[in-house]
Amino acid sequence: MYALRVKNLIKTYRNGVEALKGVDLDVHEGGFFGLIGSNGAGKTTMIGIITGLVNKTGGSIEVFGLDRERHLNRVKKHIGLVPQEFNFNMFEKVQDIIIAQAGYFGVPRSQAIRDSEFVLKRLGLWEKRDTVSRQLSGGMKRRLMIARALIHKPKLLFLDEPTAGVDVELRFSMWEYLKELNQSGMTIFLTTHYLEEAEQLCRNVAIIKNGKIIIHDHINNLLASLEEETYVIHVRDTSAVNLLENYHIRILDTSTFEVDLNKKGSLNDFIEQLSQKGIKLVDIRPKGNRLERLFLKLLKD
Amino acid sequence: MSPREIWIAYMTIVRKEVQRFLRIWPQTLLPAVITQSLYFVIFGHFIGSQLREIHGVSYMSFIVPGLVMMAVINSSFSNVVSSFYGAKFQHHIEELLVSPTPNWTILAGYTTGGVIRGLIVGTLVFGVSIFFVRPEIYSLPLIVFFIFMTAVVFSLGGFINAIFAEKFDDVSIFPTFVLTPLTYLGGVFYSVNMLPEFWQKISKLNPVLYMVNGFRYGFHGFSDVHVGISLLILCGFMFALIYTALVLLEKGTKLKS
């Protein structure tokens, strides 16, 4: 079953900007889906239309088999949204924000109080429950938005660049939590600028460019389409590296260089070549991020 | 949503609205009481004592219903316009827009918040008036009906104003240039029968006149206009404003791009 089916979604803003030009997209139930695109590609517009913040110009949306237009309120109950910008009341306390959001979804107050304790503890905000939201740090505000989106136990969670401006430690802990949510059965739809994030988390990925999906596939298939792999090689001395013929090499400093190896070729062959030329290998690692290179290649095309 | 879930959503909005204006009561409840008290002292007590009776009641007694009504109009309107526009400005209105709460419930919740503030302020102002003049009650049901309906109508007006407002200036334009003149010229301080015939006819185009007079009828049993027409005008305004607000919410005017 599909958690989300988008067909021929069109959005033309009043100023004539065509943000979406007929987008088709499927997300399987229980999937972890990533939508990648540059600024202004149409990612936020698409999430806005599905969640009810933007009016569409044309097309259709189904959520868990329910037509969004005909079953709007049932569809909304299944959806949770973590928007890109902070959009909670800066003068309200953390727990009050969560409880009110539960109320808007028809969750009784006593249950909302209990559930808010669980979700705030899980996101490390329980100690801040009586703090006015504007006094939270940036990372805490981001977590507050996740807590708010989860309070009514949605089946489909949209996250619009959730880790933008978040430090590395918090980003990794959020990734772990999102994986945990996904493993518990929640379908996750993520937009991100961090391609490493998509590569780490998402099983299916779509790339959107100028309001159109230019690629939509399983992440392994996408990465397999890359014909070359770049490796970063550490050696004792790079002075003999130029002796390696038939390889595309970039020397970075006196002990490091990069090499692009065709997937048809063998890494063993390359290491043997190094040995034959007397170059002492210290370390070798693939250069991340593969998805990033694919993304740049597709945008270039 | 089931009726119970809708009730929960409605009560959530109402609770938030009431908590908001109670939290900042020196801004939301106190100013109206102080202003109207000054009117009682200056117009009612100092100047009013020099004036003759109107329809057989003292000038002080005559202006009490109008001043209560003026406080109710301003409080209910400004409560909803500032709260809903604040929600738009900070984008936390999106919390409601992504939820399954029906549009009519959103409207009812915000309107109820405005009505409750209007009624609290009206009661406080009326309470202060007791220090100046002994209250007369001609018809309690009419008093309750007019004050309640007026609070509803102006809460709805505040909601529509907030929908269209794009900056903080837009929140104050309507109250300053439309609401205040209509209220002051709506028979709060005088009987329209005291005006020349031409100005009487012009005054009768002012809907606030009907609200003030209907409310005053509940206290003193006299009115410059027919009370039945006042009732109809209030009901007419209420339904027209509800319809307009719901259409705007349905379209997402100034709320959704």
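Two strands pair if DSSP finds at least two bridges between them. Keep that in mind, everyone, and we can start with a small example from the model above, which is a predicted one.

In chain A, strand β4, residues 58-63, pairs with β5(A) in the antiparallel sense over 2 bridges. One detail you can find by eye is that Val63(A) has Leu66(A) in β5(A) as its bridge partner. Now let's step back to the sheet they belong to. The sheet is open, has 4 strands in the order β2-β1-β4-β5 of chain A, and its pairing is antiparallel. Which strands stand at the edges? They are β2 (18-28) and β5 (66-67) of chain A; each has a single partner strand, so one side of each has no neighbour in the sheet.

While we are on strands, let me take you further along chain A. Strand β11, residues 228-235, is antiparallel to strand β13, residues 256-262, and 7 bridges pair the two in chain A. Here Thr230(A) has Asp260(A) in β13(A) as its bridge partner. β11(A) is also joined by 5 bridges to strand β14 of chain A, residues 281-286, and these two run antiparallel as well. For that pair, look at Val235(A), whose bridge partner in β14(A) is Leu281(A).

Now a wider look at chain A. Its secondary structure comes to 10 helices and 14 strands. The C-alpha trace of chain A spans about 75 × 45 × 35 Å along its principal axes. Of the 301 residues in chain A, 40% are buried. And if you take the contacts in chain A with a separation of 6 or more, 69% are between residues 24 or more positions apart.

One helix in chain A deserves a stop. How many residues of helix α1 (residues 43-51) of chain A are buried? The count is 9 of the 9, so α1 of chain A is largely enclosed by the rest of the structure. That list includes Lys43(A) at one end and Thr51(A) at the other, with Met46(A), Ile47(A) and Ile49(A) among the buried residues as well. Right after α1(A) comes Gly52(A), with a positive phi near 105°.

Next, the place where the chains touch. Chain A puts 23 residues into the contact and chain B puts in 20 residues. On the chain A side, α2 (72-78) and α3 (94-104) each supply at least two residues. α3(A) gives the most to that side, with 4 residues. Sorted by class, the side of chain A that touches chain B has 11 nonpolar, 9 polar and 3 charged residues.

Over to chain B, where I'd like to show you helices packing. Two packed helices are described by the angle between their axes and the distance between the axes. Take helix α4 (residues 59-89) and helix α7 (residues 140-164) of chain B: their angle is about 30°, and their axes are 7 Å apart. That makes α4(B) roughly parallel to α7(B), and the crossing is right-handed. From α4(B), the contact includes Met69(B), Val72(B), Phe77(B) and Lys88(B), and from α7(B) it includes Ile147(B), Ala151(B), Gly157(B) and Gly158(B). In terms of class, the contact of α4(B) with α7(B) has 13 nonpolar, 8 polar and 1 charged residues.

A second pair in chain B is helix α3 (residues 30-47) with helix α6 (residues 103-129). These pack at an angle of about 30° with their axes 9 Å apart, and α3(B) passes α6(B) in a right-handed crossing. Ala32(B), Val33(B), Gln36(B), Ser37(B) and Phe40(B) of α3(B) meet Val121(B), Leu124(B), Val125(B), Val128(B) and Ser129(B) of α6(B). The contact of α3(B) with α6(B) has 7 nonpolar, 3 polar and no charged residues.

Let me finish on a single residue, Ile63(B), which lies in helix α4 of chain B. Is Ile63(B) buried or exposed? The cut-off for buried is 20 or more other C-beta atoms within 10 Å, and Ile63(B) has 27, so it is buried. Leaving aside residues up to four places away in sequence, Ile63(B) touches Phe43(B), Gly44(B), Val188(B) and Phe189(B). And if you are clicking around, try Tyr217(B): from Ile63(B) it is 154 residues away in sequence and 12 Å away in space, C-alpha to C-alpha.

Notes
Residues numbered from 1 in each chain as written. Chains lettered and ligands numbered in written order. Predicted model: local features only at pLDDT ≥ 70, side-chain atom pairs only at ≥ 80, totals over all residues. Axes fitted to C-alpha atoms, helices over the stretch in contact; angles between N-to-C directions. Parallel < 35°, antiparallel > 145°, perpendicular 65-115°, else oblique. Left-handed = near helix turned anticlockwise from the far one by under 90°. Contact = placed C-beta atoms within 7 Å. Nonpolar A, V, L, I, M, F, W, Y, C, P; charged D, E, K, R; others polar. Buried ≥ 20, exposed ≤ 12 C-beta atoms within 10 Å, placed from the backbone.
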